[in-house]
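Subject: Structure handover

Hello,

Here is the structure I promised to pass on. Please open it first, then read my notes below.

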Amino acid sequence: MSNLEEHEDANLKYQLDSQSLREYQVILSSGEQIYILAANSMDAAYSALELSEDRNVNLLNVSQIDEW
């Protein structure tokens, strides 16, 4: 099993145990702003890094969106 598969399995197990997901904004060097859901900031960071690598751009920022 690859590291990515292990990470995804661990994320899935954690998300199933988690009661809520939080929304995060991802900013890429291409200017793209993407919104993702993640259980915590570490999960959001890994997901954002994967997105940036898939698009061959740099990851500039990941921040949690304020809840109302």
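A residue counts as buried when its relative accessible area is under 20%, and as exposed when that area is over 50%. By that cut-off, buried residues make up 24% of the 68 residues in the chain. Please keep in mind that this is a predicted model.

Overall layout. The chain has 2 helices and 3 strands. Along the sequence they run α-β-β-α-β. Among contacts with a separation of 6 or more, 46% join residues 24 or more positions apart. The chain exposes about 5100 Å², and carbon and sulfur atoms supply 48% of that area.

Helix α2. I spent my time here. This helix covers residues 41–54. With 14 residues at 1.5 Å a residue, α2 should span 20 Å, and its end C-alpha atoms are indeed 20 Å apart. Its buried residues are D43, A44, A48, L51 and S52. Seen down the helix axis, they fall within an arc of 165 degrees, so they line one face of α2. The face turned away from that buried side carries the exposed residues M42, E53 and D54.

The two ends. At the N-terminal end, N40 caps α2. A side-chain oxygen of N40 lies 3.1 Å from the backbone nitrogen of M42. Just after α2, N56 takes a positive phi of about 55 degrees.

One residue to look at: S52. Is S52 buried or exposed? S52 has 2% relative accessibility, so it counts as buried. Leaving aside residues up to four places away in sequence, S52 touches L28, V57, N58 and L59.

Best wishes

Conventions:
Residues numbered from 1 in each chain as written. Predicted model: local features only at pLDDT ≥ 70, side-chain atom pairs only at ≥ 80, totals over all residues. Heavy atoms only, no water. Helix = DSSP H or I, 4+ residues; strand = E, 2+ residues; numbered from the N terminus. Expected span 1.5 Å × (residues − 1). Buried < 20%, exposed > 50% of the residue type's maximum accessible area, 1.4 Å probe, protein only. Arc of directions from axis to C-beta. Polar contact = N/O pair within 3.5 Å; in protein donor to acceptor, adjacent residues only side chain to side chain. Contact = heavy atoms within 4.5 Å. Areas by Shrake-Rupley, 256 points an atom, 1.4 Å probe, with all protein chains shown as cover.
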